[in-house]
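Please take a walk through this model with me. The route starts with the overall fold and ends at the ligand.

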Amino acid sequence: MTRKSFKPGNMLYPLPAVMVSCQIPGEQPDIITVAWAGTVCSDPAMVSVSIRPERFSHGIISRTGEFVINLVNEQLTRCMDYCGVKSGREIDKAEECRLHLIPSEKVQAPSIAESPVCIECRVVQTIPLGSHDMFLARVEAVTVDETLMDEKGKFHLNSAGLTAYSHGEYFSLGRKIGSFGYSVRKKPASDHRKSRTGKRNTAIPKKKGSDQGRTKE
Ligand SMILES: Cc1cc2nc3c(=O)[nH]c(=O)nc-3n(C[C@H](O)[C@H](O)[C@H](O)COP(=O)(O)O)c2cc1C
């Protein structure tokens with residue numbers, strides 16, 4: 001197998017493209033679309049967003065030290081793209097997109113009511129990296145759309161229709177093909193499921209209830 005060599009660049013895909021909301025109290029809020037975002041620590045829960053210093057939102061987050069990461073689903077994808085090509089310097093993006101900004105629980109930055117998951121963050125460190133400054137932040141609170149909870153209090157994030165960003169294009173998450181640790185999970189002796197070739201297919205996830213809550217990455 002031969003391989004083509006590319007010059008060093010960002011090729012870590014798919015990623016979530018998220019809408020990051022921020023606001024200087026009393027001033028117009030802003031929403032910036034960010035793909036260079038990540039989970040960086042489990043305990044304490046920490047995330048990072050990398051934003052170019054020239055962005056309007058960069059100034060707001062630098063001043064307030066707060067922002068909210070709003071996850072994006074299929075219905076929000078057009079707004080997410082719009083917030084990624086227009087600057088809050090010229091327009092009020094929440095108003096243009098008819099998004100409802102609501103008070104957050106632990107930070108002054110507002111949350112987007114239409115988002116399935118809002119992650120409230122407080123900056124602990126700003127790291128200049130070159131083109132982007134990385135805001136390293138602690139997660140102060142998480143709120144979720146209640147319609148994603150079932151009557152037993154179980155959270156069904158994967159029913160939210162989350163959007164993935166890959167190499168310049170947006171995708172709706174597709175078919176479930178496994179779950180955390182499924183490659184080593186013991187199968188019950190009665191599991192005689194066969195693949196189309198007739199051979200026992202260890203790659204078919206068991207048809208039990210959906211994944212339970214947290215993983216231990
Ligand atoms: C899918 C997508 C991902 C983006 N990711 C980032 C990012 O990670 N960091 C960044 O600084 N800008 C990113 N941008 C560009 C900003 O969202 C864009 O410049 C926006 O208009 C800035 O808004 P503001 O000036 O109101 O802050 C992205 C845009 C899109 C469409």
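Helices (H or I, at least four residues) and strands (E, at least two) are DSSP runs, numbered from the N terminus. Residues are numbered from 1 along each chain as its sequence is written. This is a predicted model, in which local features need pLDDT of at least 70, side-chain atom pairs count only at pLDDT 80 or more, and totals for chains, interfaces and linings use all residues.

Begin with confidence. pLDDT is the predictor's confidence in each residue, from 0 to 100. The protein has a mean pLDDT of 91, and 88% of its residues reach 70 or more. Residues 201-212 stay under 50. For that stretch the model has 13 contacts beyond four places in sequence. Two residues are in contact if their C-beta atoms, placed from the backbone, lie within 7 Å.

Now the fold. The protein has three helices and 11 strands. Their pattern along the sequence is β-β-β-β-α-β-α-α-β-β-β-β-β-β. Among contacts with a separation of 6 or more, 61% link residues 24 or more positions apart. Of the 217 residues, 25% are buried. A residue is buried if 20 or more other C-beta atoms lie within 10 Å of its own, exposed if 12 or fewer, and partly exposed in between; C-beta atoms are placed from the backbone.

Next comes the sheet. Strands of a sheet pair through backbone hydrogen bonds, either parallel or antiparallel. Two strands pair if DSSP finds at least two bridges between them. Here seven strands form an open sheet, in the order S2-S1-S5-S8-S9-S4-S3, with antiparallel pairing. S2 and S3 (37-41) are the edge strands, and each pairs on one side only. Direction ignored, neighbouring strands of this sheet are turned by 35 degrees against each other on average. Axes are lines fitted to C-alpha atoms, for helices over the stretch in contact, and angles run from 0 to 180 degrees between N-to-C directions.

Look closely at S1. Five of its five residues are buried, so S1 is largely enclosed by the rest of the structure. Val18, Val20 and Cys22 point one way, while Met19 and Ser21 point the other way. S1 pairs with S2 over five antiparallel bridges. Val18 has Val34 of S2 as its bridge partner. S1 also pairs with S5, antiparallel, over three bridges. There Met19 stands opposite Asn70.

Move to the other edge. S3 and S4 run antiparallel and are joined by four bridges. Cys41 stands opposite Met46 in S4. The loop between S3 and S4 holds Pro44. The peptide bond from Asp43 to Pro44 is cis, with omega near 5 degrees. A second cis bond runs from Tyr13 to Pro14, with omega near -5 degrees. Pro14 lies in the segment before S1.

A helix lies across this sheet. H1 crosses S1 (18-22), S2, S4, S5 (66-70), S8 (117-128) and S9 (133-144), and runs at about 55 degrees to S1.

Follow the chain beyond S9. Phe155 sits in the loop between S9 and S10. It counts as partly exposed because it has 17 C-beta neighbours inside 10 Å. Then S10 (residues 163-166) and S11 (residues 169-172) pair in the antiparallel sense over four bridges. Thr163 stands opposite Ser172. Side chains alternate along S10: Thr163 and Tyr165 point to one face and are buried, while Ala164 and Ser166 point to the other and are not.

Two backbone angles deserve a look. Most residues other than glycine have a negative phi, and most peptide bonds are trans. His167, in the S10 and S11 hairpin with two residues between the strands, has a positive phi near 50 degrees. His167 is exposed because it has 9 C-beta neighbours inside 10 Å. Arg98 also has a positive phi, near 55 degrees. Arg98 lies in the loop between H3 (93-96) and S6 (101-102).

Finally, which residues are closest to the ligand? They are Trp36, Ser57, Gly84, Ser87 and Gly88, in a shell of 22 residues. A residue is near a molecule or strand if its C-beta atom, placed from the backbone, lies within 6 Å of it. S2 (30-34), S4 (46-51) and H1 (56-64) each give two or more residues to the shell. S2 gives the largest share, four residues. By class, the shell has nine nonpolar, seven polar and six charged residues. Ala, Val, Leu, Ile, Met, Phe, Trp, Tyr, Cys and Pro count as nonpolar, Asp, Glu, Lys and Arg as charged, and the others, Gly among them, as polar.
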